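Hi,

Here is the structure I promised to pass on. Have a look when you get a minute, and my notes are underneath.

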Amino acid sequence: MEGIIIKNQSNDYTVRTKKGINICKPRGKFRLDNITPLVGDIVDIDDINNYILEIKPRKNSLIRPQIANVDIAIIVTSVKEPDFDSNLLDKLLTIISYNNITPVICLTKLDLLNAEELNKVKEISSYYQKIGYNVVTNNDIKEIKKIIENKIIVFAGQSGAGKSSLLNK
C-alpha cells in the first residue's frame, strides 16, 4: 500500500495512507544500502506487519531539516528583533532554488517598525517580487493557505523569526 511519511520519531515512521495512519519500521535492507527514509518520502508499506518496503524516487531532499519531496519552502524572515538579514535570505533562496523547491518569502514583525523602517521594508519586498519571488507577510494567512494547499511545505528561517507563531496561526 502506498503512503507518505509524515513523521519520524526514534526510527518509528508515521505513514499516512488512504486507509489511515500506520507506524512503521524500515526494512533492514535500507540500512545495508545506506538509505534513510525521510519525512515526505512516498513509500510502499506492508500495512499488516507495519514495515516500509520501498521508497519511491525523490524529486528533491534537504539535509536540514531532513525532508524529501518538498513543493514549497516558506522562508520566514523577521524585519526586526532579529533584524532583517538579506545575506541569510539570499543564502536560503539559493539553497532552496538549487534543490528545485519553490521559495516563498514571509516577512514577520512588521508591527514593530516605524514609518521610515516600513518604507524600507516595502522597497526590499518590491525588489524580491520584481526578481520573481512570492513575498507575503505573516498577516496574509488566507494567501498563505492558498499557496500551500495540498503541498508538502517546510518552514525555514533564523531563530526568533516567527516560524512557530506562523505555524500556530
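Below is what turned up, starting with a sheet and ending with a pocket.

One thing to keep in mind first: this is a predicted model.

The sheet is an open one, with four strands in the order S10-S9-S8-S11 and parallel pairing. S10 (134-137) and S11 (153-156) sit at the edges with a single partner strand each, so one side of each has no neighbour in the sheet. On average, and ignoring direction, neighbouring strands here are turned by 25 degrees against each other.

If you want a spot to zoom in on, try S8 (residues 72-78) and S9 (residues 102-108): the two run parallel and are joined by seven bridges. Ile74, for instance, has Val104 in S9 as its bridge partner.

What lies across these strands? Helix H4 (residues 141-148) does, spanning S8, S9, S10 and S11. Against S10, H4 runs at about 140 degrees.

Now the pocket. The largest pocket holds about 340 Å³ of space. Its lining is made up of 13 residues, and those nearest the centre are Arg64, Pro65, Leu92, Ile95 and Ala156. By character, the lining splits into 10 nonpolar residues, two charged and one polar.

Which elements supply at least two residues of that lining each? Helix H2 (86-98) and S11 do, and H2 gives the largest share, with four residues. So S11 turns up twice in these notes: as an edge strand of the sheet and as a contributor to the lining of the largest pocket.

Cheers

Key. Residues numbered from 1 in each chain as written. Predicted model: local features only at pLDDT ≥ 70, side-chain atom pairs only at ≥ 80, totals over all residues. Heavy atoms only, no water. Pairing = 2+ DSSP bridges. Axes fitted to C-alpha atoms, helices over the stretch in contact; angles between N-to-C directions. Contact = heavy atoms within 4.5 Å. 1 Å grid on protein atoms, 1.4 Å probe; cavity = no way out; pocket = protein on both sides within 12 Å on 5 of 7 lines; lining within 4 Å. Points joined across faces, edges and corners; volume = space filled by probe spheres on them. Nonpolar A, V, L, I, M, F, W, Y, C, P; charged D, E, K, R; others polar.
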